[in-house]
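User: Please take me through the labels attached to this structure, and for each one tell me which rule it rests on and how the value compares with that rule.

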Amino acid sequence: MAIEVFNRYEKKYILDEHTFRRLLERINDYMEPDKYNLNGQFYSICNIYYDTDDNRLIRSSIEKPVYKEKLRMRSYGTPCGEDRVFLEIKKKYNGIVNKRRTSIVLKDAYKYMESDVYPESDTQCINTQVLKEIDYFKKMYTLKPKVYLSYDRYAYFEKNDGDFRVTFDTNITTRRGDVRLESGSYGNKLIPDRLYLMEIKISGAVPMWFTRCLSDLHIYPVSFSKYGTEYKRYVLEGYDKDTEELSNQIAPNEYAKEYGNVYGCQYGQYGKSAICI
């Protein structure tokens, strides 16, 4: 059975292609790829983020409160109506991330989220406690599917210890129209090509060998949220109402300047945070 409850710390970094490749060379001695990275290939993750009409959840998150929460639907790959997906509540309190989720058939997930229709079949695979928490969440907020967000991921687990995990996400794609998982990945790129969002996930201390890798390669943490960054760009740059495309895409070199430590050796901005979410 898939793990349905997570408690951990998460830190994020943005890497260019060169740094990404150098880091992979270093960690291969200590970590092994996720089983979903078949033949060394990235696997895709697709999400729908739910929010209120006035984007209350993400607006609150951007203000960096001590406690914040979000609700999303997630699939691994592009699903069809009979495939299983996850409904997830993700909470963060004082830097500790708690994620609770339950598996559910996609068509049932839509009915439940959109019409409050509980699934009648395959109930043995559903975590009823998590579903009750989602019920409470839905009663607190009037939610709608607001954003589709997908990316390609490469993941590593530390050998002999599944607690320490490192993921690399690229091809981060978003849209605010056609917010359906089965429609597949298309839309606006959140970061330029050949950049990677690295996340480390752990319940305790980061291994010393990995800390040395970060120091040797001049890799520094950033404050970055995929949904938060999408929302800021949506507000600041705007979407064309018909095409749902950003009116002004950020050029890679401008992005590098804004996200200082991506190309820190060029711009001398080590340690500067990305968009603060």
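**Strand 3 and its surroundings**

Analyst: Y43 is found in strand 3, which covers residues 43–51; helices (H or I, at least four residues) and strands (E, at least two) are DSSP runs, numbered from the N terminus. This is a predicted model, in which local features need pLDDT of at least 70 and side-chain atom pairs count only at pLDDT 80 or more, whereas totals for chains, interfaces and linings use all residues. Residues are numbered from 1 along each chain as its sequence is written, and side-chain values use heavy atoms, with hydrogens and water left out.

User: What makes strand 3 and strand 7 a pair?

Analyst: Two strands pair if DSSP finds at least two bridges between them. Strand 3 has nine bridges to strand 7 (residues 144–158), running antiparallel to it, so the requirement of at least two is met. One such position places C46 opposite S150. Strand 3 also pairs with strand 4, again in the antiparallel sense, through six bridges, and there Y50 faces L71.

User: Why is Y43 called buried?

Analyst: A residue is buried under 20% relative accessible area, exposed over 50% and partly exposed in between (1.4 Å probe, protein chains only). The value for Y43 is 9%, and therefore Y43 is buried. Strand 3 as a whole is mostly covered, with eight of its nine residues buried.

User: How do you know that a polar contact joins Y43 and R165?

Analyst: A polar contact needs a pair of N or O atoms within 3.5 Å; within protein, one must be able to donate a hydrogen and the other to accept it, and residues adjacent in sequence count only if both atoms are side-chain atoms. The side chains of Y43 and R165 are joined at 3.4 Å, so the distance falls within the limit. R165 is also one of the residues in contact with Y43 (heavy atoms within 4.5 Å) once neighbours within four places in sequence are left aside, the others including Y36, Y76, Y151 and A155.

**Aromatic pairs**

User: Why is the pair of F20 and Y196 called stacked?

Analyst: Rings of Phe, Tyr and Trp (its six-membered ring) pair if their centres lie within 6.5 Å, and planes under 30 degrees apart count as stacked, over 60 as edge-to-face and the rest as tilted. By this rule there are 18 aromatic pairs. For F20 and Y196 the centres are 3.9 Å apart and the planes differ by 15 degrees, which makes the pair stacked. F20 belongs to helix 1 (residues 17–27) and Y196 to strand 10, so the pair ties together parts 176 residues apart in sequence. Both partners are covered: F20 is buried at 1% relative accessible area, and Y196 is buried at 6%.

User: Why is the pair of Y36 and Y43 called tilted?

Analyst: Their ring centres are 5.8 Å apart and their planes stand at 55 degrees, so the pair counts as tilted. Y36 has 48% relative accessibility and is therefore partly exposed.

**Strand 10 and the charged side chains**

User: How do you know that E199 is buried?

Analyst: E199, in strand 10 (residues 195–202), has a relative accessible area of 3%, so it qualifies as buried. Its side chain makes polar contacts with those of K201 and K226, each at 3.1 Å.

User: What makes K226 count as lying over the face of Y151?

Analyst: A charge sits over a ring if NZ of Lys or CZ of Arg is within 6 Å of the ring centre and within 35 degrees of the ring normal. K226 is placed 4.4 Å from the ring centre of Y151, and R175 lies over the face of Y148 at 3.8 Å.

**The nonpolar cores**

User: What makes a set of residues a nonpolar core, and how many residues has the largest?

Analyst: Such a core is a set of buried Ala, Val, Leu, Ile, Met, Phe, Trp, Tyr and Cys residues joined through side-chain atoms within 4.5 Å. The largest has 25 residues, with M73 and L181 making the most contacts inside it. Two or more residues each come from strand 3, strand 4 (67–76), strand 5 (84–93), helix 3 (106–115) and helix 4 (128–140). Helix 3 gives the largest share, five residues. Apart from this core lies another, of 22 residues, including L15, M31, Y156 and F168.
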